[in-house]
Amino acid sequence: MAKGNNVGAFLEITMKINENDRAAAAAVYTKYRQPFLDDIEGAHCKHLLVRGEDVQVLHGFASVADAENYLKSDLFTQDVVVELKPYFQSEPDVRIYSVVG
């Protein structure tokens, strides 16, 4: 659930997606953004970042544990990944960062 602005961790997922497939991939992002914010424990924010060489989704969480749990959730494994997988040119790069300070 989106609560306040106390982000303690970020999950960054970087995906190589052909430019022609980016609109479809963005539709997946849009479809699952609100369920992520409403239903995932510790979720604070989710942003789509696009540049020439790749696409990133930046997720803000209350804690590293919340980010790790999201990666194991049905919303991520059964919905988001399943719908995005046809657009991947390579395996996504998944990183979790702690917020310091």
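E41 sits in the loop that joins α1 to β2, where helices (H or I, at least four residues) and strands (E, at least two) are DSSP runs numbered from the N terminus. The model is a predicted one, in which local features need pLDDT of at least 70 and side-chain atom pairs count only at pLDDT 80 or more, whereas totals for chains, interfaces and linings use all residues. Residues are numbered from 1 along each chain as its sequence is written, and side-chain values use heavy atoms, with hydrogens and water left out.

With a relative accessible area of 54%, E41 is exposed; here buried means under 20% relative accessible area, exposed over 50%, and partly exposed in between (1.4 Å probe, protein chains only). From E41 to L11 the C-alpha to C-alpha distance is 14 Å, with their positions 30 residues apart in sequence.

Turning to α1 itself, this helix has 18 residues and spans 25 Å from its first C-alpha to its last, close to the 26 Å expected at 1.5 Å a residue (the expected span is 1.5 Å times one less than the number of residues). A kink of about 35 degrees is found at Y32, shortly before the proline P35; the bend at a residue is the angle between axes fitted to the seven residues ending there and the seven starting there. Y32 is also among the buried residues of α1, which are R22, A25, V28, Y29, Y32, F36 and L37. Their cover includes β2, β3, α2 and α3, contact being heavy atoms within 4.5 Å.

Helix α2 offers two residues to look at. A67 belongs to this helix and is buried, at a relative accessible area of 0%. Not counting residues up to four places away in sequence, A67 touches L11, F61 and I96. The C-alpha atoms of A67 and I96 are 7.2 Å apart, although 29 residues separate the pair in sequence. V64, also in α2, counts as partly exposed at 26% relative accessibility. Its contacts, with residues up to four places away in sequence again left out, are A9, I96 and S98. V64 and V7 lie 57 residues apart in sequence and 9.8 Å apart in space, C-alpha to C-alpha.

The largest pocket holds about 360 Å³ of space. A pocket is an open set of points on a 1 Å grid over the protein atoms alone where a 1.4 Å probe fits, with protein on both sides within 12 Å along at least five of seven lines, and lining residues have an atom within 4 Å of a point. Of its 26 lining residues, I13, M15, V80, L84 and F88 are the closest to the centre. Elements giving two or more residues to this lining are β1 (9-15), α1 (22-39), β2 (43-50), β3 (55-61), α2 (64-72) and α3 (74-84). The largest share, 6 residues, comes from α1.

Notes
Grid points are joined across faces, edges and corners, and a volume is the space filled by probe spheres set on the points.
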